[in-house]
Amino acid sequence: MANIPLIEFRKVSKIYGSGEAEIRALDGVDLTIQQHEFVAIMGPSGSGKSTAMNIIGCLDVPSAGEYLFQGVATSGFGRAQLTMLRRHMLGFVFQGFNLLPRTSAIENVELPLVYRGVDAGMRRKLARDALARVGLAGRENHTTQQLSGGQQQRVAIARAIVTQPAVLLADEPTGNLDTKTSIEIMELITGLNRDQGITVIMVTHENDIAEYAKRIMRFVDGKIESDRPNPEREATHVS
Amino acid sequence: MFLETLKLALRAIRRNMLRSFLTVLGIVIGVAAVIAMVTIGNGTTAQVKSELSKLGTNMLFVRPGQFGPGRASTTARAFTDRDVEAIQTQISGLRAVSPSNRSTATAIYGGQNHSTSVTGATNDFFIAQDWDLTEGRDFLSGEERGGQAACVIGQTVKKELFGSSDPIGQQIRIGSISCPVIGILAAKGESGMGSDQDDTIVMPLKVFQRRIGGSTDISSISLSAKDGVSTSKIQADVENLLRERRKIQAGREDDFSVNDMTQLAATMTGTTTLLTGLLGAVAAVSLLVGGIGIMNIMLVSVTERTREIGIRLAIGALEGQVLTQFLVEAVTLSLLGGVTGIVLGLGLAFLGTSLMGLPFVTSPSIIFIAFAFSAAIGMVFGYFPARRAAQMNPIEALRHE
Ligand SMILES: Nc1ncnc2c1ncn2[C@@H]1O[C@H](COP(=O)(O)OP(=O)(O)OP(=O)(O)O)[C@@H](O)[C@H]1O
Ligand SMILES: [Mg+2]
């Protein structure tokens with residue numbers, strides 16, 4: 001089992017536009033991520049981090065190359081299969097939150113559970129717990145517009161973790177948070193990885209946030225420039 | 001799962017109150033307008049029909065000229081006394097032959113004067129019209145043959161000229177003649193066309209021709225068939241007789257018409273059906289305007305909804321689930337708008353018809369059509385943009401501007 005990677009890119013490219021205006025958001029990227037890993041992706045703006053995350057999260061498909069999930073090529077998957085993968089395996093925190101407008105925090109967090117077929121009582125409870133874990137207890141009934149940017153981000157995190165996904169994909173989860181809240185969120189994510197074995201892939205611009213991860217990748221111009229273990233954290237992990 | 005989808009849809013409707021309200025309003029206006037207009041139109045038609053049927057089915061009307069839907073009446077020679085005599089003597093199966101002529105004149109009594117309709121007729125007029133006298137008598141044969149003037153007056157004329165005093169035996173002036181009131185007609189009320197039938201004076205035809213009409217013309221002849229005699233047989237006989245008398249060559253069209261009630265009814269209801277059609281057309285425009293309103297709201301909200309669909313797809317909704325939700329949303333709004341529209345439309349129609357004194361005649365087919373049309377618009381414009389969005393990559397839908 002250990003030698004089948006959870007996530008594998010084989011020469012994955014994502015190309016936008018064509019001819020002169022062609023942009024290679026990803027340019028023949030190879031990468032493998034094992035189960036239970038905690039990976040931070042860094043790199044300058046426009047280097048392809050979000051593009052890679054979207055492909056990993058099955059929200060987008062590569063222009064070339066192959067993306068394998070648990071050793072299975074996703075190019076052979078239909079829309080419904082990709083949906084099932086998202087529904088049951090993946091939790092996504094978007095760079096732009098993507099909460100439903102005019103909808104209460106708790107309803108936003110409940111939504112992935114609705115599609116999983118969890119009954120209403122259970123949903124309430126799980127969503128309440130998830131909101132409490134991101135420090136939003138008491139804000140359950142605030143609508144998206146009534147929450148600050150940082151609070152919206154935390155709702156987005158709660159929505160991603162409420163299903164206990166196998167993989168948590170977080171695109172700049174602390175981008176809008178102050179230092180204190182950032183630390184709380186990172187402790188939460190680290191705990192999910194450590195205690196529940198959730199695989200975490202996280203994009204960040206900040207070095208001290210990246211330090212929470214066990215492995216740090218750097219993207220530059222759609223390619224992986226460096227990919228190294230984080231010695232500080234790696235030591236604590238018993239593989 | 002369907003219950004969940006239903007709840008999601010209802011939540012989405014509540015969340016987007018203004019948009020939902022405007023959509024429903026569009027449907028309500030369209031449906032209510034069509035139903036109200038067509039129902040009022042139907043009421044008018046029914047009213048005319050029932051008035052006409054009151055006149056009896058064993059009657060024929062003979063008039064100069066041709067009438068009918070889509071043809072103007074042509075001027076043609078009036079009938080003469082000898083035409084009437086010929087009908088009386090040569091056509092069998094008739095109960096009454098009532099030649100008449102009509103004009104308007106001012107009637108004066110004491111200080112009162114009143115402009116009214118004056119009919120010159122014979123006693124057969126009262127039989128043919130099935131019109132009884134409440135007081136007094138009808139014409140004596142001497143009066144009919146043209147001896148002296150005598151008047152039978154309607155209830156309205158009685159009220160206008162005499163108030164509460166007894167008119168019998170009083171002299172009224174009509175134009176140049178002085179005329180004793182010999183009888184009073186029973187009240188008849190309004191005609192199908194809305195005119196007051198009681199506002200009338202009837203005098204012997206001969207007197208009318210000589211003193212008011214100024215000619216021996218007869219402008220119409222009503223015939224009443226005996227019970228059990230077919231009006232179509234009489235109609236054919238009268239037509240043949242009059243063609244002969246008026247010397248119309250074979251192959252040429254009649255310059256007169258003999259209509260029974262059903263034919264007259266067809267002409268009249270033809271006109272009111274046209275009216276209903278016209279009202280319907282006006283209403284169809286409001287339905288269309290309502291539809292365009294719905295379309296507008298739906299299309300404007302597509303951007304936001306596309307993002308919403310992107311979010312739902314990204315967190316694990318199947319295309320089908322998203323579509324079901326949107327379909328349920330559209331159906332709910334359409335139903336809500338449709339039912340409100342029907343209730344409002346029928347309410348308005350009820351109000352309108354009772355104010356105009358028309359019967360309230362609903363037509364299930366028009367209710368259905370109006371409803372189906374609005375519902376279809378709501379569904380099409382709620383559903384198809386959603387379907388397009390649901391078929392996108394989640395990330396495309398999320399990026400939609
Ligand atoms: N839909 C698109 N159409 C065209 N170009 C795109 C599209 N999405 C991304 N790109 C381009 O692909 C490149 C990589 O974008 P991506 O969003 O992956 O960057 P990023 O590394 O996440 O940047 P940031 O740190 O600013 O979020 C950029 O040059 C961007 O302009
Ligand atoms: Mg990005």
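Select A:Gln95 to begin: one of its polar side-chain atoms sits 2.8 Å from an oxygen atom of ligand 1. Keep in mind that this is a predicted model.

**Stop 1: the ligand**

Now select ligand 1 and show its surface. On its own, ligand 1 has 640 Å² of accessible area, and the protein covers 68% of that. Zoom out a little. Ligand 1 lies between chains A and B.

**Stop 2: the polar contacts**

Go back to the side chains. Select A:Ser45 next. An N or O atom in the side chain of A:Ser45 is 2.5 Å from an oxygen atom of ligand 1. Then click A:Lys49. Here a polar side-chain atom is 2.7 Å from an oxygen atom of ligand 1.

**Stop 3: the shell**

Which residues come nearest to ligand 1? Select A:Ser45, A:Lys49, A:Ser50, A:Thr51 and A:Gln95, and you have them. The full set around ligand 1 has 15 residues. Color that set by class. You should find 8 polar, 4 nonpolar and 3 charged residues.

**Stop 4: the elements behind the shell**

Switch to a cartoon view. Which element of chain A gives the most to the shell around ligand 1? Select helix 1 of chain A, which contributes 3 residues. Helix 1 covers residues 49-56 of chain A. Now add strand 2 of chain A, residues 23-33. Strand 2 and helix 1 of chain A are the elements that each give two or more residues to the shell.

**Stop 5: the whole of chain A**

Select all of chain A. Trace its 8 helices and 10 strands. Chain A has 239 residues, and 53% of them are buried. Next, look at contacts between residues with a separation of 6 or more. In chain A, 69% of these contacts join residues 24 or more positions apart. Turn on the surface of chain A. Its accessible area is about 10300 Å², and carbon and sulfur atoms account for 51% of it.

**Stop 6: chain B and confidence**

Move to chain B and color by pLDDT. The average for chain B is 84, and 93% of its residues score at least 70. Where is the lowest mean pLDDT among the elements of chain B? Select residues 261-300 of chain B: this is helix 9, with a mean of 75. For the highest mean, select strand 5 of chain B, residues 151-153, at 93.

**Last stop: the overall scores**

Show everything again. The model as a whole has an ipTM of 0.92 and a pTM of 0.69.

How values were computed: Residues are numbered from 1 along each chain as its sequence is written. Chains are lettered from A and ligands numbered from 1 in the order in which they are written. This is a predicted model: local features need pLDDT of at least 70, side-chain atom pairs count only at pLDDT 80 or more; totals for chains, interfaces and linings use all residues. Side-chain values use heavy atoms; hydrogens and water are left out. A residue is near a molecule or strand if one of its heavy atoms lies within 4 Å of it. A polar contact is a pair of N or O atoms within 3.5 Å; within protein, one must be able to donate a hydrogen and the other to accept it, and residues adjacent in sequence count only if both atoms are side-chain atoms. Accessible areas come from the Shrake-Rupley method with a 1.4 Å probe; for residues, only the protein chains shown count as cover. Helices (H or I, at least four residues) and strands (E, at least two) are DSSP runs, numbered from the N terminus. Ala, Val, Leu, Ile, Met, Phe, Trp, Tyr, Cys and Pro count as nonpolar, Asp, Glu, Lys and Arg as charged, and the others, Gly among them, as polar. Buried means under 20% relative accessible area, exposed over 50%, partly exposed in between (1.4 Å probe, protein chains only). Contact means heavy atoms within 4.5 Å. pLDDT is the predictor's confidence in each residue, from 0 to 100.
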